[in-house]
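Here are my notes on the model, set out as numbered points. Please read them with the structure open.

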Amino acid sequence: MRKTVLITGASRGIGKACAELFSQKGYRVIINYNKSEEEALKIASAIGATALKADVSNAAEVREMFALAGNVDVLVNNAGIASQKLFLDITQQEWDRIFDINVKGMFNCCQAALPYMINKKSGKIINISSIWGITGASCEVHYSASKAAIIGFTKALAKELGPSGINVNCVAPGVVDTDMNRELDTDTINALKEETPLGVIGTAYDIAKTVLFLASSGADFITGQVISPNGGIVI
Ligand code: NAP
């Protein structure tokens, strides 16, 4: 039977690439979006997916989305925001917002998806962290801390859910060419490429391929792991 994948933040970037690859592999795809309705509906119609709006930081909206989505076999917690600020300039609201979306959003979606997976004794959860959650990034303390939290969450949940036949893993991308990095100037991008052994910036599809693998039966024995497609910038 056709498996269902729900991908949060799939209106753009990495989430959109995941939606396209999962659809090519025959999954029933649910595209979550928050603000980019037009983009989400366009992708949904192009690949025959369903687009559902929900702010992942809002538990009630997430519950409503899962009620509409039905049973989900694979959950990809990809929705996220980033911002660059000197540590002392980060406001309480900015700190809370980044944790509400990047961490609580994942918590809300896992709580909504898990009753079905636990009952079925199978399921795959893939959480999108970042290399900055592993190494820390200057001027991104709030972002780095939220992405490190995703790694801790993944490892703990993997231990708890292993006996229920559910795999929980983390993908920690390096620098990827999406809207999130549009503000980086050419010099910064070139410096990042130079620092990267493979000499390139990643594409959204590079990351989506790793996510697709972790959702596949090829990854049945992998849980609680952090896989980092990053061109070698962090080894
Ligand atoms: P992006 O192009 O900026 O897209 C972000 C996506 O997240 C959009 O689809 C957006 O949806 C969604 N989103 C944001 N807030 C949301 C909310 N409250 N509820 C639901 N959806 C929400 O970013 P990206 O580069 O594809 O990043 C995807 C993930 O990869 C993020 O978790 C990011 O931290 C991580 N990552 C990215 C990079 C990189 O270099 N790009 C590197 C490492 C990790 P709407 O537009 O519809 O609101």
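**Notes on the predicted model**

1. Cys139 counts as partly exposed, because its relative accessibility is 31%, a value that falls between the 20% limit for buried and the 50% limit for exposed. The model is a predicted one, and that applies to every point below. Cys139 belongs to the loop that runs between helix H5 (131-135) and H6. Its phi is near 65°, a positive value in a residue that is not glycine. Most residues other than glycine have a negative phi.

2. Lys121 also deserves a look at its backbone. Phi of Lys121 is near 60°, again positive in a residue other than glycine. Lys121 is placed in the loop between helix H4 (92-120) and strand E5 (123-128). Is Lys121 buried or exposed? Lys121 counts as exposed because its relative accessibility is 53%, and the cut-off for exposed is over 50%.

3. Next, the ligand and its surroundings. The ligand sits in the largest pocket. Three elements each give two or more residues to the shell around the ligand: helix H1 (13-24), strand E2 (28-33) and helix H6 (141-161). The shell counts 32 residues around the ligand, and the closest are Ser36, Asn78, Tyr143, Thr178 and Asn181. By type, the residues of the shell divide into 14 nonpolar, 13 polar and 5 charged.

4. Which atoms of Gly9, Lys35 and Asp55 come up against the ligand? For Gly9, a polar backbone atom is 3.1 Å from an oxygen atom of the ligand. For Lys35, a polar backbone atom is 2.8 Å from an oxygen atom of the ligand. For Asp55, the partner is an N or O atom in the side chain, which is 2.8 Å from a nitrogen atom of the ligand. Taken alone, the ligand exposes 900 Å², and the protein buries 96% of that.

5. Gly9 has a further partner within the protein. The side chain of Asn32 reaches the backbone nitrogen of Gly9 at 3.0 Å. Asn32 is found in strand E2, an element that gives two or more residues to the shell around the ligand. Asn32 counts as buried because its relative accessibility is 2%, and buried means under 20%.

6. Helix H1 is another of the elements that contribute to the ligand shell, and Leu21 lies in helix H1. Leu21 is buried, because its relative accessible area is 14%. How far apart in space are the C-alpha atoms of Leu21 and Lys209? They are separated by 7.4 Å, although the two residues are 188 apart along the chain.

7. Helix H6 holds Ala149. Ala149 is partly exposed, because its relative accessible area is 27%, which is in between the limits for buried and exposed. The C-alpha atoms of Ala149 and Leu212 are separated by 23 Å, and the two residues are 63 apart along the chain.

8. Asp220 forms part of the loop between helix H8 (204-215) and strand E7 (226-227). Asp220 is partly exposed because its relative accessible area is 47%, and exposed would need over 50%. Asp220 and Leu157 are 63 residues apart along the chain, with their C-alpha atoms separated by 16 Å.

9. The last residue on my list is Ala46, in helix H2 (residues 37-47). Ala46 is exposed, because its relative accessible area is 64%. From Ala46 to Ser11 the separation is 35 residues in sequence and 12 Å in space, taken C-alpha to C-alpha.

Technical notes. Residues numbered from 1 in each chain as written. Predicted model: local features only at pLDDT ≥ 70, side-chain atom pairs only at ≥ 80, totals over all residues. Heavy atoms only, no water. Near = heavy atom within 4 Å. Polar contact = N/O pair within 3.5 Å; in protein donor to acceptor, adjacent residues only side chain to side chain. Areas by Shrake-Rupley, 256 points an atom, 1.4 Å probe, with all protein chains shown as cover. 1 Å grid on protein atoms, 1.4 Å probe; cavity = no way out; pocket = protein on both sides within 12 Å on 5 of 7 lines; lining within 4 Å. Sits in = over half its atoms within 2 Å of the grid points. Helix = DSSP H or I, 4+ residues; strand = E, 2+ residues; numbered from the N terminus. Nonpolar A, V, L, I, M, F, W, Y, C, P; charged D, E, K, R; others polar. Buried < 20%, exposed > 50% of the residue type's maximum accessible area, 1.4 Å probe, protein only.
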